[in-house]
Structure formats: structure tokens, C-alpha cells
Amino acid sequence: MIYEWRTYEAMPGKLPALNTHLEVAAGLFQKHGLGVLRFWTEEFGASLQVTYMWMYETFEERQKKLAAFAADPAWQQQVAQETEKEGAIVAQVHNTMLQLTPYSPAPQIKTKVQEWRIYDAVPGRLPDLHNRFANHTLGLFEKHGIENIGYWTEVFGTSNRLVYMLGYPSLGDREASWKAFQKDPDWQKARAASEENGPLVAKVYNRILRPTAYSSRG
């Protein structure tokens, strides 16, 4: 299974038009069998971005379904009308192809708030990072009420990178759960054991996300 993480940056003042664009697209994605995990906006930070995740069995399936979607008269009409009314609405599109790690659950969204986390491992330490997540971290997240949604590596691009998504009922629950997780003696023991030969992670990035109103259409 291939997962495609796509972020659209709207032109200044065009975020409402971008959301309309993607809401129409969501219905047509469904028509053409383009599976979407969810659409999201960021809780903090980049206010002109919308992100979503596509899911395919193969790259060949991706090409076939995208071609059918692009040729759909309803989509062509939507693009023509919005271009005439709004002009350019998208400044940039970023995409990353991902594959699930062996220990990842099948991605599902059950919570109201999601967090996208990126860990760039210290060179040569990605296998140790995977081992720590598989054998300790996922279970401890679950223990402290953190939803394990999915864990991926990049198909192309950064070879020492782990990306994953967590879920929470609310931002307050996120804060409480992380505090409890970090204080957990089992986590402190697992972390110390995994880092006997030095740290595993060089850089951490995260984004707090909320599903859009039209997310369920994907």
C-alpha cells in the first residue's frame, strides 16, 4: 500500500476557495476510488495550508485513477469556473510518498485532533528507533490514551526518517497524555536502554491538525 501526503498552500486570501476546490474534489475522489484518510488544516502555524492523505495499492493504480479523475467533466467544469472567478488559488503543492512500517496499525481516524510527527534519526540509528517504537513506544502511547494512527517511512527522499500520526480527543488530552507518558518509568527505562550508544533522533518536527468539515467525504 502506498500513502501520499499532500499539502496545498493557498494564494493569499484564497483559502476559502481552496477549501471549496478540495470539497468538490473529495466527492470526485470517492467516485474514482481515490481513498483519502482525511483532509486537515493546521491548529497552529501555517494558516493557508490544507493537507490530505491519499491511499493506493500500487503506483500503477495511482496513475490510472488520477487520469480518470482529471478527465472527469465535472472536475474540469469546477476548475474552469473557479479559475474564471478566483484566478490562481494554489501557490504550491508538496507531496511525499510513504509506506507503512511493519509495526504500524492500519490507519484509522477516531479522534478529533491529530498530530503529524517527523523524526530524523541519527545516521545509522533508524533500525534502533524502529525497534523502540515497535517494542515499547506504541504500547506506552496506548497506555496513556494516545491513539496510534499510523507509522511510515518515505518511499523516496529522506532515508533515515520516520513519520507518524497520533490522535487525541482534545488538545488538553494531548498535553495530559504526553506529560504522563514522559514521566512513565517504563518509558524512561526503554529510552535509556535504547540510547546507551547515543541518541537515536537528530531532529523532531510536528504539526497539530484538525479534520476539515468535508473530511468525511473523502
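This short talk walks through the barrel, the helices packed around its strands, one buried residue and the aromatic rings of the structure above. Please keep in mind throughout that we are looking at a predicted model.

Let me begin with the sheet. Eight strands make a closed barrel, and if we follow them around in order we read β1-β3-β2-β8-β5-β7-β6-β4, with antiparallel pairing. On average, and ignoring direction, neighbouring strands of this sheet are turned by 35° against each other. As a general reminder, strands of a sheet pair through backbone hydrogen bonds, and they may do so in a parallel or an antiparallel way. To take one pair as an example, strand β5, residues 113-121, runs antiparallel to strand β8, residues 201-211, and the two are joined by 8 bridges. Within that pair, Arg117 stands opposite Asn206 in β8.

Staying with strand β5, we also find Asp120 there. Is Asp120 buried or exposed? Its relative accessibility is 9%, and because buried means under 20%, Asp120 counts as buried. Leaving aside residues up to four places away in sequence, Asp120 touches Thr158, Asn160, Arg161, Val201, Ala202, Lys203 and Tyr205.

Now to the helices. Helix α5, residues 171-183, lies across β5, β7 and β8, and runs at about 40° to β5. Helix α5 also packs with helix α6, residues 185-194, at an angle of about 60°, with their axes 5 Å apart, and these two helices are therefore oblique to each other. On the α5 side the contact is made by Phe181, Gln182 and Lys183, while α6 brings in Pro185, Trp187 and Gln188. Sorted by class, this contact of α5 with α6 has 3 nonpolar, 2 polar and 1 charged residues.

Elsewhere on the sheet, helix α2, residues 59-71, packs against it and touches β1, β3 and β4, with a direction that makes about 120° with that of β3. Helix α2 packs with helix α3, residues 73-86, at about 60°, their axes being 5 Å apart, and that makes α2 oblique to α3. Here Phe69, Ala70 and Ala71 in α2 meet Pro73, Trp75 and Gln76 in α3, and by class the contact has 5 nonpolar, 1 polar and no charged residues.

Finally, the aromatic rings. How many aromatic pairs does a search of the whole structure find? The search finds 26. One aromatic cluster is formed by Tyr8, Phe29, Phe39, Tyr52, Trp54, Tyr56, Phe69, Trp75 and Tyr214, and we have already met Phe69 and Trp75 where α2 meets α3.

Definitions and conventions:
Residues are numbered from 1 along each chain as its sequence is written. This is a predicted model: local features need pLDDT of at least 70, side-chain atom pairs count only at pLDDT 80 or more; totals for chains, interfaces and linings use all residues. Side-chain values use heavy atoms; hydrogens and water are left out. Rings of Phe, Tyr and Trp (its six-membered ring) pair if their centres lie within 6.5 Å; planes under 30 degrees apart count as stacked, over 60 as edge-to-face and the rest as tilted. Two strands pair if DSSP finds at least two bridges between them. Helices (H or I, at least four residues) and strands (E, at least two) are DSSP runs, numbered from the N terminus. Axes are lines fitted to C-alpha atoms, for helices over the stretch in contact, and angles run from 0 to 180 degrees between N-to-C directions. Contact means heavy atoms within 4.5 Å. Angles under 35 degrees count as roughly parallel, over 145 as roughly antiparallel, 65 to 115 as roughly perpendicular and the rest as oblique. Ala, Val, Leu, Ile, Met, Phe, Trp, Tyr, Cys and Pro count as nonpolar, Asp, Glu, Lys and Arg as charged, and the others, Gly among them, as polar. Buried means under 20% relative accessible area, exposed over 50%, partly exposed in between (1.4 Å probe, protein chains only).
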